[in-house]
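Me: I would like to learn how to read a structural model feature by feature, with the general idea stated before the particular case. Could we work through one together?
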Amino acid sequence: MVTSLPSFAVVIPMFNEETGAQRCIEAVCAQLAKLPNRCKLIVVEDGGSDKTRQILENIGPSYQNLEIIYHKENKGYGRALMTGAASAAAGGFDYVLFMDSDLTNDPADIPKFVAEMAHQVDVIKATRYSDGGGVQGVPWYRVLISRIGNSVASALFHLPLSDCTNGFRAVKLNLLQQISLKENGFSLIMEELYRLKPLAKSYGRVPVTLTSRAGNLRATSFRYRLSVFWDYLKYPLRSCLGI
């Protein structure tokens, strides 16, 4: 049963995203403006070297539901997310919703998360690998690696999730504040699940379609390497072994 209109903050880290920064903010804020919930967008500019900061400073005053935080130097993906989450907690929001700045996560899917929040679900993950989800424009070998890795991770975690590595997710802030995250790369997503597992009582899945990063944006910094596989899978393995 739907019990409330939970409040939430969308947190988006940006690093050298001058080509897509304005388009991202426009798209996300347009979706938030349609919702009755108390909500805002928190962008963390992570000490980039291009014109992202200048662009954000120019458009920031145009949006009442936008907060921009600047890191003086690059602190990395994980610290940027935690900076945004800390600001969301200070603002008294119920949830934080993490997503990427390149719009491979569609802002039109935000209401799906809000529907799960209304049921007070603790952890809500986007999923490419369930009915209604999918992938478009991503090389087949990356999809294959991702599917295999997520199947292994889900089995080891013993969680009702089909897409553990997806960074498009929402978490109750009162739970997130009870854990300490050490990873600074994309593997923070897995560490987060690992450390939340003893606290979270409910999980939600939101089917989404992941698209490829637009060609006019800088190349993604994510690479498949042996060290990356270990960084991701060490947390579900620890969980399975009870460590």
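Me: Is Tyr235 buried or exposed, and at what relative accessibility?

Reply: This is a predicted model, and every value below is computed from it. Tyr235 has a relative accessibility of 4% and therefore counts as buried, since the cut-off for that class is under 20%.

Me: Which ring pairs with Tyr235, and how should the geometry of the pair be read?

Reply: A pair of aromatic rings is described by the distance of the centres and the angle of the planes. Tyr235 pairs with Tyr194 at 5.5 Å centre to centre, and with 45° between the planes the arrangement is tilted. Tyr194 belongs to helix α7 whereas Tyr235 belongs to helix α8 (residues 226–241), so the pair ties together parts that are 41 residues apart in sequence. Tyr194 is also buried, with 15% relative accessibility.

Me: How many aromatic pairs does the structure hold, and what is the geometry of the one formed by Tyr77 and Phe186?

Reply: There are three aromatic pairs in the structure. In the pair of Tyr77 and Phe186 the ring centres are 4.8 Å apart and the planes are at 45°, so this pair is tilted. Tyr77 lies in helix α3 (residues 77–90), while Phe186 lies in the loop between α6 (173–176) and α7 (188–196), so the contact of the rings ties together parts that are 109 residues apart in sequence. As for accessibility, Tyr77 is buried at 15%, whereas Phe186, at 27%, counts as partly exposed.

Me: What does Ser187, in the loop between α6 and α7, touch beyond its neighbours in sequence?

Reply: When neighbours within four places in sequence are left aside, Ser187 is in contact with Asp231, Tyr232 and Tyr235. Ser187 is itself buried, with a relative accessible area of 5%.

Me: Which residues of α3 are buried, and how does the span of this helix compare with what its 14 residues should give?

Reply: An α-helix has 3.6 residues a turn, so residues three or four places apart point the same way. The buried residues of α3 include Tyr77, Ala80, Leu81, Gly84, Ala85 and Ala88; Gly78, Met82 and Ser87 are buried in this helix as well. At 1.5 Å a residue the 14 residues of α3 should span 20 Å, and the end C-alpha atoms are indeed 20 Å apart, which agrees. Just after the helix, Gly92 takes a positive phi of about 75°.

Me: Which residues other than glycine have a positive phi, and where do they lie?

Reply: Most residues other than glycine have a negative phi, and most peptide bonds are trans. Asn16, which is not a glycine, has a positive phi of about 55°, and it is placed in the loop between β1 (8–14) and α1 (21–32). Leu103 is another case, with phi near 65°, and it is found in the loop between β4 (95–98) and α4 (110–117). Asn16 is buried, with a relative accessible area of 18%, and Leu103 counts as buried at 16% relative accessibility.

Me: Where do charged side chains sit over aromatic rings?

Reply: The charged end of Arg38 sits over the ring of Phe93, at 4.0 Å from the ring centre. Arg53, in turn, lies over the face of Tyr70, with 4.1 Å to the centre of that ring.

Me: How far apart are Ala118 and Ser4, in sequence and in space?

Reply: Ala118 and Ser4 are 114 residues apart in sequence, yet their C-alpha atoms are 5.6 Å apart in space. Ala118 lies in the loop between α4 and β5 (123–127), and with a relative accessible area of 8% it is buried.

Me: What do the totals say about the chain as a whole, beginning with its radius of gyration?

Reply: For 243 residues a compact globule would have a radius of gyration near 18 Å, and the chain has 17 Å, which agrees. The chain has eight helices and nine strands, and its C-alpha trace spans about 50 × 45 × 35 Å along the principal axes. Of its 243 residues, 51% are buried. Among contacts with a separation of 6 or more, 79% join residues 24 or more positions apart. The chain exposes about 11,200 Å², of which carbon and sulfur atoms supply 53%.

Note on methods
Residues numbered from 1 in each chain as written. Predicted model: local features only at pLDDT ≥ 70, side-chain atom pairs only at ≥ 80, totals over all residues. Heavy atoms only, no water. Phe/Tyr/Trp six-rings, centres within 6.5 Å; stacked < 30°, edge-to-face > 60°. Helix = DSSP H or I, 4+ residues; strand = E, 2+ residues; numbered from the N terminus. Buried < 20%, exposed > 50% of the residue type's maximum accessible area, 1.4 Å probe, protein only. Lys NZ or Arg CZ within 6 Å of the ring centre and 35° of its normal. Rg over C-alpha atoms; globule rule 2.2 N^0.38 Å. Contact = heavy atoms within 4.5 Å. Areas by Shrake-Rupley, 256 points an atom, 1.4 Å probe, with all protein chains shown as cover. Expected span 1.5 Å × (residues − 1).
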